[in-house]
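Here are a few exercises to work through with the structure open beside you. Try each task before reading its solution.

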Amino acid sequence: MNIVIKNVKIVDAKRAFHGSVLIEDGLIKKIFKADEDVNISKDTEIIEGKGLILLPSFVDMHCHLRDPGYLYKEDLESGQKAALKGGYTTLCTMANTKPICDNTAVLEYILDKSRKLNLCDIIQISALTKNLEGKEFVDFKEMLKYTRLFSDDGNTIFNEEVMKKALILSNKLKFRVLTHCQPEFEIVKRDLGLLKEVGGNLHVCHISLKKTLSLIKEFKDANLKFTCEVTPHHIFGYEVDYRVNPSFRKKEDVIALIEGIKQGYIDVIGTDHAPHSLEDKQNGAPGISLIEVAFSMVYKVFHENGISLNKLSELMSYNPARILNLNCGLIEEGYEANLVLVDLDEEYQIDTDNFISKGKNNPFNGEKVLGKVKMTFKRGSVKYDNR
């Protein structure tokens with residue numbers, strides 16, 4: 001089935017204009033400007049998008065789907081359906097499952113189950129070290145058959161020699177290390193120093209402090225090549241009495257992160273979607289469930305701080321797609337038709353009772369956000385429809 005999405009404002013990281021998009025065989029076949037005639041065949045489905053914005057769908061480089069092992073918190077089906085509701089079609093899922101994803105058997109289970117579900121595209125992240133212990137590396141030769149992303153997220157690599165060797169190997173074997181840094185400033189400083197010394201492919205997860213951002217600026221200004229992310233919740237709220245890793249910070253930190261986004265020092269918005277049961281949360285488990293409201297949280301912050309929708313698309317779609325070498329993230333002819341239709345004017349309250357995710361753990365329940373996902377397309381197939 002071919003589809004035309006008509007009369008929308010088309011926005012991505014590079015441009016914004018009114019027009020229509022023709023989708024054929026899962027790809028963006030043709031883009032029509034507003035004043036062009038849209039010539040289509042009779043069997044083409046027409047989706048009227050007047051008043052709505054068409055964006056590239058979102059790519060999440062950092063989320064937790066809890067499958068295998070913690071299915072009472074989330075599973076691959078509930079997590080991916082929540083993601084599609086939030087406008088995401090590609091998810092990089094962390095390795096702290098049970099058993100831990102430090103071997104090909106677990107990795108194959110996740111990928112096989114995801115293929116059968118046919119919801120999002122899953123890029124499974126392998127643990128960097130066995131059992132996430134920060135000591136002995138996983139079998140890179142075997143794991144690289146399936147993924148080029150490695151992380152002990154949830155655990156910090158405290159051993160400097162292990163981190164140094166990981167960076168050296170990331171260069172040699174062409175993979176990327178995603179780091180969890182706590183204490184944040186000290187570990188980021190160490191890792192960037194090691195990167196400067198030995199090279200490598202480094203992505204710094206969920207920075208949250210003004211002083212960490214100053215390090216990011218310093219090393220990027222010195223032309224050190226690496227990427228970094230912030231989460232929606234670390235720019236949405238401050239001094240919130242709710243356990244997440246890293247913690248909610250002070251207002252000055254939030255202001256600094258937003259300024260860092262404006263200045264181009266932040267590469268990616270990663271959700272760090274971390275669903276928990278009520279009991280686990282009451283027992284102190286860190287994390288927030290937010291993937292289905294992440295766009296609305298981010299857009300509210302960007303709108304209030306004069307940051308363009310182009311910049312939002314850059315951080316939520318284009319940059320992560322580019323980092324992962326995906327043929328999506330822009331609305332261009334020949335790109336995969338991974339798209340999201342949104343109403344920027346719709347304001348609503350976060351209601352965790354309506355979450356598709358099994359995790360209802362979100363401290364912003366009842367707070368107003370702006371911009372709502374209406375439809376999500378993956379390779380031209382409608383995966384979520386709330387028109």
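**Exercise 1.** Work out which β-α-β unit contains helix α2 (residues 104-117), and what its handedness is.

*Solution.* Keep in mind that this is a predicted model. Start with the strands: β7 and β8 pair in the parallel sense, over four bridges. For one contact between them, take T93, whose bridge partner in β8 is Q124. Now add the helix: β7, α2 and β8 together make a β-α-β unit that is right-handed.

**Exercise 2.** Sort the side chains of strand β8 (residues 121-124) by the face they point to, and say which are buried.

*Solution.* Go along the strand and you will find that the side chains alternate. I122 and Q124 point to one face and are buried. D121 and I123 point to the other face and are not buried.

**Exercise 3.** Classify the aromatic pair formed by F58 and Y88, then place both residues in the chain.

*Solution.* A search of the whole structure finds nine aromatic pairs. In the pair of F58 and Y88, the ring centres are 5.4 Å apart and the planes stand at 65°. Planes over 60 degrees apart count as edge-to-face, and that is the class of this pair. F58 lies in strand β6 (residues 58-63) and Y88 in strand β7 (residues 88-93), 30 residues apart, so the pair links distant parts of the chain. Both F58 and Y88 are buried. They also belong to one aromatic cluster with F295 and Y299.

**Exercise 4.** Do the same for F140 and F175: what class is the pair, and are the residues buried or exposed?

*Solution.* The ring centres of F140 and F175 lie 4.8 Å apart with the planes at 20°, so this pair is stacked. The pair links distant parts of the chain, with F140 in helix α3 (residues 140-143) and F175 in the loop between α4 (160-173) and β10 (176-179), 35 residues apart. For burial, the cut-off is under 20% relative accessible area. F140 has 7%, so F140 is buried. F175 has 1%, so F175 counts as buried too.

**Exercise 5.** Explain why helix α10 (residues 294-304) is described as largely enclosed by the rest of the structure.

*Solution.* Count the buried residues: nine of the eleven in α10 are buried, so the helix is largely enclosed. Among them are F295 and Y299, the two cluster members that join F58 and Y88. After α10 comes G306, with a positive phi near 65°.

How values were computed
Residues numbered from 1 in each chain as written. Predicted model: local features only at pLDDT ≥ 70, side-chain atom pairs only at ≥ 80, totals over all residues. Heavy atoms only, no water. Phe/Tyr/Trp six-rings, centres within 6.5 Å; stacked < 30°, edge-to-face > 60°. Helix = DSSP H or I, 4+ residues; strand = E, 2+ residues; numbered from the N terminus. Buried < 20%, exposed > 50% of the residue type's maximum accessible area, 1.4 Å probe, protein only. Pairing = 2+ DSSP bridges. Right-handed = clockwise from strand over helix to strand, strands pointing away.
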